[in-house]
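These are my notebook entries on a single protein structure. I kept them in the order in which I looked things up.

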Amino acid sequence: MGNSSHADAAAFRQAAVDGQVGIDPDHAETVLNKLRTGKDAVEALIQKSEELATPPQIGANPVGNAMATKFSQRAGGGGESYTDALRNLYNQYDEAEQAITTA
């Protein structure tokens, strides 16, 4: 999955490491609190997403079984899953937090 948002967050962190970004310390704490709140919320969703990986009961036939497996994989971490999207978002929050802390 292409993710330019993650690349942008990583570039922001690198710019902070390189000294290209500065943050007013009085405002940094406010931003960090918001980032950490978002990060915590996403982490909670990742933990709950494990429940979504339970295959739904949609029929004991080949089509029902195939669809149940597909839904389970999409929710629980296979391919372009909900869980993978949440992990990407968590990583973006983490990159931004590191950038603000560094700056």
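The entries go from the whole chain to single residues.

**Entry 1: the model and its elements.** I note at the outset that this is a predicted model. I looked up the secondary structure and found four helices and zero strands in the protein. Read from the N terminus, the order of elements is α-α-α-α.

**Entry 2: overall dimensions.** I checked the radius of gyration, which is 18 Å for the protein, whereas a compact globule of 103 residues would have one near 13 Å. I then looked up the extent of the C-alpha trace, and along the principal axes it spans about 60 × 25 × 10 Å.

**Entry 3: surface and burial.** I recorded an accessible surface of about 6700 Å² for the protein, with 52% of it belonging to carbon and sulfur atoms. Of the 103 residues, 24% count as buried.

**Entry 4: contacts and charges.** I took the contacts between residues at least 6 apart in sequence; 67% of them join residues at least 24 apart. For the charges, I found 8 positive and 14 negative ones, and their mean positions lie 7 Å apart.

**Entry 5: the nonpolar core.** Which residues make up the largest nonpolar core? I list five: Ala-28, Leu-32, Leu-35, Ala-96 and Ile-100. Helix H2 (25-52) and helix H4 (82-102) each supply at least two residues of this core. The most comes from H2, which gives three residues. As general background, nonpolar side chains tend to be buried together in soluble globular proteins. Within the core I followed Ala-28, which touches Ile-23 and Ile-100 when residues up to four places away in sequence are not counted.

**Entry 6: Ile-23.** I went on to Ile-23, whose place is in the loop between helix H1 (4-17) and H2. Ile-23 has a relative accessible area of 26%, so I class this residue as partly exposed. Neighbours within four places in sequence aside, Ile-23 is in contact with Ala-28, Ile-100 and Ala-103. I also looked up the pair Ile-23 and Tyr-93: these residues are 70 apart along the chain, and their C-alpha atoms are separated by 17 Å.

**Entry 7: Ala-99.** I found Ala-99 in helix H4. Is Ala-99 buried or exposed? Ala-99 counts as buried because the relative accessibility is 0%. With neighbours within four places in sequence left aside, the contacts of Ala-99 are Phe-12, Arg-13 and Ala-16. I recorded one distance for Ala-99: Gln-14 is 85 residues away in sequence, yet the two are 7.3 Å apart in space, C-alpha to C-alpha.

**Entry 8: Glu-95.** I turned next to Glu-95, which is also found in helix H4. Why does Glu-95 count as buried? The relative accessibility of Glu-95 is 13%, and buried means under 20%, so Glu-95 falls in that class. Not counting residues up to four places away in sequence, Glu-95 touches His-6, Ala-9, Ala-10 and Arg-13. Arg-13 thus appears in my contact lists for both Ala-99 and Glu-95. Between Glu-95 and Ala-7, I noted 88 residues in sequence and 9.6 Å in space, C-alpha to C-alpha.

**Entry 9: Ser-49 and Glu-50.** I compared two residues that both lie in helix H2, Ser-49 and Glu-50. Ser-49 is buried, with a relative accessible area of 1%, whereas Glu-50 counts as exposed at 61% relative accessibility. What is Ser-49 in contact with, leaving aside its neighbours within four places in sequence? I found Ala-75, Tyr-82, Thr-83 and Leu-86. For Glu-50, I looked up the separation from Lys-70, which is 20 residues away along the chain, and the C-alpha atoms of the two are separated by 15 Å.

**Entry 10: what I keep.** I retain three points. The protein has four helices and zero strands. Its largest nonpolar core has five residues, and H2 gives the most to this core. In helix H4, Ala-99 is in contact with Phe-12, Arg-13 and Ala-16, while Glu-95 touches His-6, Ala-9, Ala-10 and Arg-13.

Methods: Residues are numbered from 1 along each chain as its sequence is written. This is a predicted model: local features need pLDDT of at least 70, side-chain atom pairs count only at pLDDT 80 or more; totals for chains, interfaces and linings use all residues. Side-chain values use heavy atoms; hydrogens and water are left out. The radius of gyration is taken over C-alpha atoms; the globule rule is 2.2 Å times the number of residues to the power 0.38. Buried means under 20% relative accessible area, exposed over 50%, partly exposed in between (1.4 Å probe, protein chains only). Contact means heavy atoms within 4.5 Å. Accessible areas come from the Shrake-Rupley method with a 1.4 Å probe; for residues, only the protein chains shown count as cover. Lys and Arg count as positive and Asp and Glu as negative; His and the chain ends are not counted. The place of a charge is taken as NZ of Lys, CZ of Arg, CG of Asp or CD of Glu. A nonpolar core is a set of buried Ala, Val, Leu, Ile, Met, Phe, Trp, Tyr and Cys residues joined through side-chain atoms within 4.5 Å.
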